[in-house]
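Biologist: I should like to go through this structure with you, from its secondary structure elements to the spaces between them. Please show the sequence and the coordinates before we begin.

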Amino acid sequence: MKTFVCLKQVAARDSTLRVDDSGRWVRESDLGYEMNDPDSFALEEALRIRETHGGEVAAVSAGPARTASTIREALAKGADRGVLIEDDHFSRADAYTTAQALAAALKREERCDLVLTGLQSDDMGFGQTGVVLAELLGLPHATIIVEVSVEQDHVRVKRELEAGWFQDVELPLPSLLTIQSGINKPRYATLMGIKKAKTKPLQRYTTGELGIELSSSQLIRRLYPPQKQKETKFLEGAADDVAARLVEKLRFEARVL
């Protein structure tokens, strides 16, 4: 069983965000970086599948050179090897651009039984990279997965739908799944795992080596913090009328009821 997990490196949650001089991005020099939290659940699921069915888990990512630290974290947790498509452009890339690079790298692999991604990224939150990647690879896919059962030539999954509903789906292998956060409890890297990660292989590609030309269809024209506005309204009239209008405003304007 050969499983590939797509990971993204994102700004750490405790980072201080400041808009840079261009007004189109944040000052990256102020940021710390970590593994995208939804992707950690996909990694854990891949490791559990390997523990049950054997095989190999490879961590794949597209990003600047610093992204190697996130792949090393995956290796420390138990992944067997890493693949990095290295380019600074990926720090602001849209879902299609990233999926295009990941697809080019995965097509170079001799075998691919299962591809897992997190549901979405903590920074951009597109939730589209996985499904676009499946299309580019020509793989059947299912999203928002909360349960995975791998059989000999297919995989059974449970999808989370709206309003508390679920859907059971069977897909042939190879296939691609986007994993819902909370499906499992991600493990921590052990001291032994951290030591072993230093010796595990990490394959690096450039976009030129993969024969792809990056041309993002997304352009951020302006980035700014939410504008804080305060407004005081006085409600006058009879008590019953004021109470009714207050409830209406709390329900439909403030949306706290």
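**Elements, burial and open space**

Biologist: Which residues of H4 are buried, and do they lie on the same side or on opposite sides of the helix?

Modeller: The buried residues of H4 (buried meaning under 20% relative accessible area with a 1.4 Å probe, protein chains only) are Gly130, Val131, Leu133 and Ala134. The directions from the helix axis to their C-beta atoms cover an arc of only 160 degrees, so these four residues are on the same side of H4.

Biologist: Before we continue, I note that this is a predicted model, in which local features require pLDDT of at least 70 and side-chain atom pairs pLDDT 80 or more, whereas totals for chains, interfaces and linings use all residues. Residues are numbered from 1 along each chain as its sequence is written, and side-chain values use heavy atoms, without hydrogens or water. How many helices and strands does the protein have?

Modeller: Helices (H or I, at least four residues) and strands (E, at least two) are DSSP runs, numbered from the N terminus. On that basis the secondary structure comes to seven helices and 11 strands.

Biologist: What covers the buried residues of H4, and which residue follows the helix?

Modeller: The cover includes S1, H3, S6, strand S7 (141-150) and strand S10 (175-179). After H4 comes a residue with a positive phi, near 70 degrees, namely Gly138.

Biologist: Is S1 largely enclosed or largely open, and why?

Modeller: Lys2, Phe4 and Cys6 point one way from S1, while Thr3, Val5 and Leu7 point the other way, and all are buried. In a regular strand the side chains alternate between the two faces of the sheet. Because six of the six residues of S1 are buried, the rest of the structure leaves this strand largely enclosed.

Biologist: With which strands does S1 pair?

Modeller: Two strands pair if DSSP finds at least two bridges between them. S1 and S4 are parallel over six bridges, with Glu56 of S4 as the bridge partner of Lys2. Val5 has Leu116 as its bridge partner in S6. Over six bridges in one case and four parallel bridges in the other, the partners of S1 are S4 and S6.

Biologist: Which strands form a hairpin, and which residue in the turn has a positive phi?

Modeller: Strand S8 (residues 154-160) and strand S9 (residues 166-172) run antiparallel and are joined by seven bridges, one partnership being that of Glu160 with Phe166. S8 and S9 form the hairpin, with five residues between them, and the turn residue with a positive phi of about 60 degrees is Ala163.

Biologist: What is the volume of the largest pocket?

Modeller: On a 1 Å grid over the protein atoms alone, a pocket is an open set of points with protein on both sides within 12 Å along at least five of seven lines, a cavity is a set where a 1.4 Å probe fits but cannot get out, and lining residues have an atom within 4 Å of a point. Points are joined across faces, edges and corners, and a volume is the space filled by probe spheres set on them. The largest pocket has a volume of about 870 Å³.

Biologist: How do the residues lining the largest pocket divide by character, and which lie nearest its centre?

Modeller: Ala, Val, Leu, Ile, Met, Phe, Trp, Tyr, Cys and Pro count as nonpolar, Asp, Glu, Lys and Arg as charged, and the others, Gly among them, as polar. The lining then divides into 24 nonpolar, 16 polar and nine charged residues. S1, H3 and H4 are among the elements that each supply at least two of them. Of the 49 lining residues, those nearest the centre are Lys8, Val10, Ser121, Asp123 and Met124.

Biologist: Which element gives the largest share of the lining of the largest cavity?

Modeller: About 30 Å³ of space lies in this cavity. Its lining consists of Ser40, Leu43, Glu44, Leu47, Lys77, Pro186 and Arg187. Four residues, the largest share, come from H1.

Biologist: Is Thr207 buried or exposed, and with which residues is it in contact?

Modeller: Thr207 is found in helix H6 (residues 207-210) and counts as buried because its relative accessibility is 12%. Contact means heavy atoms within 4.5 Å. Leaving aside neighbours within four places in sequence, the contacts of Thr207 are Ile85, Asp87, Phe90, Ile212 and Leu214.

Terms used:
Buried means under 20% relative accessible area, exposed over 50%, partly exposed in between (1.4 Å probe, protein chains only).
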